[in-house]
Each structure stands twice: as C-alpha cells, then as structure tokens.
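Hello,

Here is the structure we talked about handing over. My notes on it follow below the display.

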Amino acid sequence: MEDRLIQELVSIAGEDWVIADLEKIEGYLYDETPKPASPEATEDVVVVKPENSEEISEVMQLANREEVPVIPRGAGTGLCGAAIPLESSIILSLERLSEVVDLDEDNLMVTCEAGVPLESLFEAVDETDHLFFPPHPGDEGAQVGGLVVENAGGARAVKYGVMRNYVKGMEVVLPTGELLQLGGKVLKNNTGYDLMHLMMGSEGTLGIITEVTLRLYPEAKETATLLVPFEDRHSAMSAVPRVLQEGHVPLALEYVERELIEESAEHLGKSWPAEEGEAFLILIITGKDEEEIFDKSGTMVEVLEENGALEPLFAQRRKEQEAILDIRSNIYTALEEETTDILDVTVPPAQVGDLIDEIEELAEGYGTKIPVYGHAADGNVHPHIMNVEGEAPEYFEELKEEIYRIALDMGGVITGEHGVGETRLKNLPTALSEEERKLMKGIKKVFDPNDVLNPNKAIS
C-alpha cells in the first residue's frame, strides 16, 4: 500500500487509528470461514478505524478517487469469506462505532452504532427488565452492522424471524461517500422503493451501515427446554409441522442426531442426557409464567408423542437448560478442525428429512461422512464437508455443487443465513438465473459505479 495513501488515511482518522504493520493487521485478514474453504487474503492492506460516519464518508471519497477497494469489517464472525481482502485494499473496521445511542422504551426501539457487539446490545436491552431483542444469530461477539448486512438468522428464526424483520431504520454511507438516513422509528413506510431492505443481506457491497434502529418486544419471563427423542429421523421431522400447526410456536426447534450430539458432548467433557432414541428435537418454550410454560409444553408433548416421540426430558432449571443448549451450540466447535466447509442449505421444512437422506446417500457414494444438523422448523440445515488427511478433498467443489442441486430441486436455496461472500460465488449460476444475476450487477453498478466497495463478493 502506497505511503501517500496511508498518510491521507491518517489525515482522516488520526495516526492512532491507521495500521499498516503486518503483525498488527493479521487479525483483520480472515473471518471464521473454515481454512480449507477460505480464499487466501492479500497482505497488501491498510486498516483504518474511523470514529464516525463523516470519517467513513471521507475514506470512501478517497477510495473512489484512488480506485482502491474498501473492505468493511465487523467482528469477522462470517462463514463465507465476505470480509476477506482479495486484492490491495483498505480494510475499514467499524469497531469504534460501539455506542448504544438510544433505548426508546415507549416506542419499543433501540438505536445503536454498527460496531456494537450483540452481547452489548442484549445487556443494554436487559436493563429495561421488560423488553428483549428476539433474534440470536449465534456468536454474541458479532457486531450489529455485520448481522444486518448478512441478514443473520439463527435458532430463534422459527418464532421471531431473521434480522431483516427487526431493522426499522439505518444510517448508511454509500460507496461514493454520500450519507443516507433510511427508515426510522416507524412500523409502516410505503414511500418509494425500499432502499433499506436492499442493504440487508448485501454483504457490505452496496453501502456501509453505521447506525441501526431495531424493534424490541416484551420479554417472556419464563423458559423451558424440551429434549424429545425419536427412534429415527423421519419420525422426528414429521412431528415438526404437527407442533407448529398447534399454534404454540417454540422459541427454537432444533434437530440433531445421536452420533453427532454425543461427539459434541464429549468435546465439552459432558454427557448427553437422553439415553434412548437416535434422533432428537430440542424445543425452547417461552411464556409469561410457569402456568403458561406447562400449558404449552403439555400440548407439544401430546402432539409429539402422537407422532412417535419417546419419553421427553423437560428442563426448567437454568443450569439444565444451559447444559443441553451448550452441547447443541458446540457441534461446530467439535467438528471445526475436521471441516473443509460448513454449508447452510435451506429447503421447505417438511423436506428436511428427505434432504438429509439424500445427503447421506451422497456421502456413501463419495466414501465420506457428512454430518448434518440444524434448524428443523425453518428448514435451514448445516451439512459439513469433512477434510481428508487434514486437507480439502479433491471432490470438495463437486460434492458441494451436488448438495446445492439437491436443495434446489426440493425448492430450496443454497444459503439460508451465511451468505454468498466469496466461497459460494462459483455456485451462483446454479442457484440464480442469468437475468437475476444481471439485475443484481445492475443494482451494484448504480450504488457503486467504481466497484470499490467489497468487490468480487456476493454477486457474479
């Protein structure tokens, strides 16, 4: 990176907030994409940490003049290479934009800067003692801006939806440096094209979100966890729509299988509490008091048992619930070192059992194992393509494409929450028509005429 460009960045953000020393920028080069699937980052970068949207605007104006790519970066928790610099670039970190600006209890809204970690958002909202932010996309170190541009999902999506359902307003710096205020503390807005929703899921290619206004909801005071065993996968999956049809939608409804969940438990030095069954549903139930919890649980257990469930385990004490959920949450951690890539295909929920069956057949054909688990009620599952002797197998790209085709044939999509980033670019022609991709490129061109903001990501 040219010294002249570095000095111009120093004049914008200050000497303490521009880093060109390779040893100090290594932590900004990669995200959480498994190493065998991750693109290689260039080291010819400079990291700038602006204090506010005005400084970000100046950085973008400079980048356009110099035709230098800018890579917006949150906490680096993504799984598709969207924040990895592929050519000489300015990495724009949003970590200094870390303030919860306004907690408006009357309007059930919270406004925070884009660099606020999810954990800090939860803590701020918890102080009200009666409101909460429903989505939980996973890693609580993830930053709010990153969660919005990735349209993050997570286990609670079945009841409460994804990030898109909560964003009511935002401040955005466009790739050419202009500042936009979109939406606000309103629940209805039908004024022109919805530019704000274009930003959600854009993976940092259309603008840099600097501030977000999010909708809050009244907090459910009580929770319980049902761990429900089944003899086989299809019995478990066929019970899912029956539960949802009863009208008591759980906070989360997860699917796991014994071999995989016991591997996670062993990894943590714990034991899986269910002694019978080979397939499991994990339901988190919420209510205003114990009576409501027991009422909902009773209804769900009755429906589940009618559909083949074995004896359910009911956990109401916090430690018991945390133990079950901790084992579920650490499946990826247990598999990480052996994983080439973690996919997140999504199909209509009633097709999940068939999807896993076909993935199992594929695994047998390739002489490998493909662990699968996920969010049963919204059809989003995570197949892992595993390493061979510590490296990506020769058939990696071919197998990934076959899994995608199976999902697409079932009416699904190739990514439900992780995004396209760089790692799925080559698969877009399978997933999207030429006309769809042409329109997306046209939108990118309008927002970013010089193609300086996160180029070669999300669309192809």
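**Notes on the model**

Please keep in mind that this is a predicted model.

Overall fold. The chain holds 16 helices and 18 strands. Its radius of gyration is 23 Å, and a compact globule of 460 residues would come out near 23 Å, so the two agree. The C-alpha trace spans about 70 × 55 × 45 Å along the principal axes of the chain. Buried residues make up 54% of the 460 in the chain. Taking the contacts with a sequence separation of 6 or more, 74% are between residues 24 or more positions apart.

Lysine 49. This residue sits in a loop, with β2 (45–48) on one side and α3 (53–66) on the other. Is lysine 49 buried or exposed? Its relative accessibility is 11%, and because the cut-off for buried is under 20%, lysine 49 counts as buried. The side chain of lysine 49 makes a polar contact of 2.9 Å with the side chain of tyrosine 28. Tyr28 also appears among the residues that lysine 49 touches once those up to four places away in sequence are set aside; the others are Ala13, Trp17, Ile19, Ser93, Glu95 and Arg96.

Alanine 252. This residue belongs to strand β13, which covers residues 252–257. With a relative accessibility of 3%, alanine 252 counts as buried too, by the same cut-off of under 20%. Which residues does alanine 252 contact, leaving aside its neighbours within four places in sequence? They are Ala155, Val158, Ile282, Leu283 and Ile284. If you want a distance to check against your own script, alanine 252 and leucine 313 are 16 Å apart in space, C-alpha to C-alpha, with their positions 61 residues apart in sequence.

Cavity. How many cavities of 30 Å³ or more are there? The count is one. The largest cavity holds about 30 Å³ of space. Its lining consists of Pro69, Ile71, Ile84, Leu86, Glu87, Ser89, Pro455 and Lys457. By residue class, the lining of the largest cavity divides into five nonpolar, one polar and two charged. Residues such as Pro69 and Pro455 thus appear together in this lining, although their numbers lie in separate parts of the chain.

That is what I have for now.

Regards

Terms used:
Residues numbered from 1 in each chain as written. Predicted model: local features only at pLDDT ≥ 70, side-chain atom pairs only at ≥ 80, totals over all residues. Heavy atoms only, no water. Helix = DSSP H or I, 4+ residues; strand = E, 2+ residues; numbered from the N terminus. Buried < 20%, exposed > 50% of the residue type's maximum accessible area, 1.4 Å probe, protein only. Polar contact = N/O pair within 3.5 Å; in protein donor to acceptor, adjacent residues only side chain to side chain. Contact = heavy atoms within 4.5 Å. 1 Å grid on protein atoms, 1.4 Å probe; cavity = no way out; pocket = protein on both sides within 12 Å on 5 of 7 lines; lining within 4 Å. Points joined across faces, edges and corners; volume = space filled by probe spheres on them. Nonpolar A, V, L, I, M, F, W, Y, C, P; charged D, E, K, R; others polar. Rg over C-alpha atoms; globule rule 2.2 N^0.38 Å.
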